[in-house]
Amino acid sequence: MTLPYLIAELNQMSQPDFVAALGAVFEDTPAIAQKVWEQRPFTDQDDLHQKMVMIVNGLSQAEQLSLIRSHPDLGSKAKMADASVEEQLEVGLDRLTSDECDRFHQLNQAYKSQFGFPFIIAVKNHTKASILQAFEQRLKNAVDTERQQALSEIIQIAYFRLHSLIN
């Protein structure tokens, strides 16, 4: 099957094929695609996304933290999902100066020390400068506020990913 998919094609797929097609929409968490498959048929991309969001919102706090922790540090050279690599390339996080690289590393470490999970932001909405600004602002948040913000950003990332996969 070729990309992008039609919603009608997704509605007809077996569960393994569906998970293979959409399992990466939520970073390294194909269980969300696996669960949403059971809610077919989907009327359109937005219906599918909303049903995926309902699954994420229904996860236990531990499962949500696992989802959050599956995301890579921004600007790092760590192994990450292909979609994350592409998203970070689009805003130039693969071409950081030495100073920018150091700054991202410092902020990533400070953030993880404070909150216990990586900083997550839907990079398609940002530039390097606005990401650094968001880092600084969000370091001032309470843990619960930031956990909710991370989930909100993950949902936005999934929206972008889903819309790039479906015609």
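The buried residues of helix H5 pack against helix H3 (31-37), helix H4 (45-58) and helix H9 (143-165). Contact here means heavy atoms within 4.5 Å, and buried means under 20% relative accessible area, with exposed over 50% and partly exposed in between (1.4 Å probe, protein chains only). Helices (H or I, at least four residues) and strands (E, at least two) are DSSP runs, numbered from the N terminus.

A quick word on the ground rules: this is a predicted model, where local features need pLDDT of at least 70 and side-chain atom pairs count only at pLDDT 80 or more, while totals for chains, interfaces and linings use all residues. Residues are numbered from 1 along each chain as its sequence is written, and side-chain values use heavy atoms, with hydrogens and water left out.

**H5 and the loop after it**

Which residues of H5 are buried? In this helix (residues 61-69), they are Gln 64, Leu 65, Leu 67 and Ile 68. Looking down the axis of H5, you'd find them within an arc of 155°, so they line one face of the helix. That arc is taken from the directions from the helix axis to the C-beta atoms.

Ser 70 sits in the loop between H5 and helix H6 (82-90). The Ser 70 side chain reaches back to the backbone oxygen of Leu 67 at 2.6 Å. For the record, a polar contact is a pair of N or O atoms within 3.5 Å; within protein, one must be able to donate a hydrogen and the other to accept it, and residues adjacent in sequence count only if both atoms are side-chain atoms. Leaving aside residues up to four places away in sequence, Ser 70 touches Glu 27, Asp 28 and Thr 29.

**Salt bridges**

Glu 27 turns up again in the charged pairs. Side chains of opposite charge can pair when their charged atoms come close. The cut-off for a salt bridge is a side-chain nitrogen of Lys or Arg within 4 Å of a carboxyl oxygen of Asp or Glu. How many salt bridges does the structure hold? There are 6, including the ones in this table.

| Pair | N to O distance |
|---|---|
| Arg 161 and Glu 27 | 2.8 Å |
| Lys 112 and Asp 73 | 3.0 Å |
| Glu 100 and Lys 128 | 3.3 Å |

Take Arg 161 and Glu 27: the pair links distant parts of the chain, with Arg 161 in helix H9 and Glu 27 in the loop between H2 and H3, 134 residues apart. Both Arg 161 and Glu 27 are buried.

The pair of Lys 112 and Asp 73 also has its closest N and O atoms 3.0 Å apart on the list above. This one connects helix H7, where Lys 112 lies, with the loop between H5 and H6, home of Asp 73, 39 residues away. Lys 112 is partly exposed at 31% relative accessibility, whereas Asp 73 is buried, with a relative accessible area of 13%.

Glu 100 and Lys 128 are 28 residues apart, and their pair links helix H7 with helix H8 (residues 128-138). Glu 100 is partly exposed at 21% relative accessible area, and Lys 128 is partly exposed at 23%.

**Aromatic pairs**

Rings of Phe, Tyr and Trp (its six-membered ring) pair if their centres lie within 6.5 Å; planes under 30 degrees apart count as stacked, over 60 as edge-to-face and the rest as tilted. By this rule the count comes to 9 aromatic pairs. One of them is Phe 18 with Phe 42, stacked at 6.0 Å centre to centre and 25° between the planes. Phe 18 lies in helix H2 and Phe 42 in the loop between H3 and H4, so the pair ties together parts that are 24 residues apart in sequence. Phe 18 is buried at 0% relative accessibility, and Phe 42 is buried at 3%.

Tyr 111 and Phe 115 make a tilted pair, 4.5 Å centre to centre with 50° between the planes. Both lie in helix H7 (residues 98-115), 4 residues apart, about one turn of the helix. Tyr 111 is buried at 0% relative accessibility, as is Phe 115 at 6%. They belong to one aromatic cluster with Phe 104, Phe 117, Phe 119 and Phe 135.

**Two exposed residues**

Thr 43, in the loop between H3 and H4, is exposed at 63% relative accessible area. Pro 16, in helix H2 (residues 15-22), is exposed at 60%. Pro 16 and Trp 37 are 21 residues apart in sequence and 9.5 Å apart in space, C-alpha to C-alpha.
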